[in-house]
Amino acid sequence: MEAASNPLSWDSIPSMPPSATRAVKDITFGSIAGMVSKVFEHPFDLTKVRLQSQVLDTTARFNGPIDCLVKTWKNEGVRGLYRGLPAPIVAAMLENASLFLSYSELQDVIRRINSQPLSHDLSLPQLALAGAGAGAITSFLLTPVELVKCKMQVQMIAPKPLSVSIPESTAAAALDSSAAPISRTLPGPIAVLMSVIRAEGLRGLWLGQTGTLIRECGGGAAWFATKEFVGTKLIKQRGSELTRKDILPWESALSGACAGGIFNFSMFPADSIKSTMQTEEDLRPRGSNAPKPTFLGTAKAMYRAQGVKGLYAGCGITVARSIPSSAIIFLIYDGLSSRFG
């Protein structure tokens, strides 16, 4: 009868071993947190990608994040602000599920290597190491999804959108802030995905993997370590005997907000280079025989074009949106873990 008194407890399912139960919870809670946060932040992510993708253009399409948001709203409407949303929702679910699952599992690996009990609290450097490993693993899942997302987010500003032929007057109107919203059919995520596979093979889906790996590896270390550090400091102010499991909702949100800002600012150049590589063929087509963009080559080209400023194009709005977004992720994840854990 006692089991029935707490029907929402996952541990009441006898057929699942503890490790499997924890893995399912990490995947489920991480997916939910990622999905909710992505719906909130997508218009700002679209703005970031469009600003990053114009660094190598001779003439900038947008004068800054506000100008980009306003022109997108005027020319494409609400639908334009959420262009490519299905791909990033999938990416956010994959990213956060993979991050939290890998982070938990890698912590156990570190404990086993150091002959420590699984209940032992790791040091901050060890947590950062687990976060870096989680980010590295996640990067291989993210790159194909982000490739599709980035291509979809620049469809309306591309001179010749993927698989779509449009009159020059229509393409010019996409850049005219006074023009009425444009309504036309554009390829969806599946069509974009299949177009990449047909043109480049499966390997083409991992264009920009180096940038994603650097961003997620370094960012994962910064994200988890900052959250744990700030969260622990806040918890210890209430009592030295309290542990990480005693974190309050506002402490989860505040520490998550700090983590999001530091993650995105510290790793932003790698993300800028990745986005530029993934939109290069759409915005500045060079022909099928031209060599494919490389991470180092794109970084040099961006630096020559606009210096350090070019590597941080769209950084302000990205950091601004990542603060509440990351707060939402950890608020939901920690809340679900506390409620159903």
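The bend at a residue is the angle between two axes, one fitted to the seven residues ending there and the other to the seven residues starting there. With that in mind, I would like to take you through a model that is predicted, beginning with helix H9.

Helix H9 covers residues 268-283, and at Met-277 it bends by about 30°. Even so, the 16 residues of H9 reach 21 Å from the first C-alpha to the last, which is close to the 22 Å expected at 1.5 Å a residue. As for its surroundings, 15 of the 16 residues of H9 are buried, so this helix is largely enclosed by the rest of the structure.

Now please compare that with helix H4, residues 124-153, where a straight helix of 30 residues would span 44 Å, whereas H4 spans only 37 Å between its end C-alpha atoms. Where in H4 does the kink lie? It lies at Leu-142, shortly before the proline Pro-144, and the angle there is about 40°. Like the previous helix, H4 is largely enclosed by the rest of the structure, because 23 of its 30 residues are buried.

One residue of H9 deserves a moment of its own, namely Asp-282. Is Asp-282 buried or exposed? Its relative accessible area is 8%, and since buried means under 20%, Asp-282 counts as buried. The side chain of Asp-282 makes a polar contact, at 2.8 Å, with the side chain of Lys-151.

Let me turn to a loop, the one between helix H3 (86-113) and H4, in which we find Ser-115. Although Ser-115 is not a glycine, it has a positive phi of about 55°. Its relative accessibility is 68%, and because exposed means over 50%, Ser-115 counts as exposed.

Finally, we come to the empty space inside the model. The structure holds one cavity of 30 Å³ or more, and about 440 Å³ of space lies in the largest cavity. Of the 29 residues that line the largest cavity, those closest to its centre are Lys-38, Glu-41, Glu-95, Asn-264 and Arg-321. Which kinds of residue make up the lining of the largest cavity? They divide into eleven charged, ten nonpolar and eight polar residues.

Several helices take part in that lining, each supplying at least two residues, and among them are the two we began with, H9 and H4, as well as H3. Others in that group include helix H1 (18-53), helix H7 (209-238), helix H8 (249-266) and helix H11 (315-340).

Notes: Residues are numbered from 1 along each chain as its sequence is written. This is a predicted model: local features need pLDDT of at least 70, side-chain atom pairs count only at pLDDT 80 or more; totals for chains, interfaces and linings use all residues. Side-chain values use heavy atoms; hydrogens and water are left out. Helices (H or I, at least four residues) and strands (E, at least two) are DSSP runs, numbered from the N terminus. The expected span of a helix is 1.5 Å times one less than its number of residues. Buried means under 20% relative accessible area, exposed over 50%, partly exposed in between (1.4 Å probe, protein chains only). On a 1 Å grid over the protein atoms alone, a cavity is a set of points where a 1.4 Å probe fits but cannot get out, and a pocket is an open set with protein on both sides within 12 Å along at least five of seven lines; lining residues have an atom within 4 Å of a point. Grid points are joined across faces, edges and corners, and a volume is the space filled by probe spheres set on the points. Ala, Val, Leu, Ile, Met, Phe, Trp, Tyr, Cys and Pro count as nonpolar, Asp, Glu, Lys and Arg as charged, and the others, Gly among them, as polar. A polar contact is a pair of N or O atoms within 3.5 Å; within protein, one must be able to donate a hydrogen and the other to accept it, and residues adjacent in sequence count only if both atoms are side-chain atoms.
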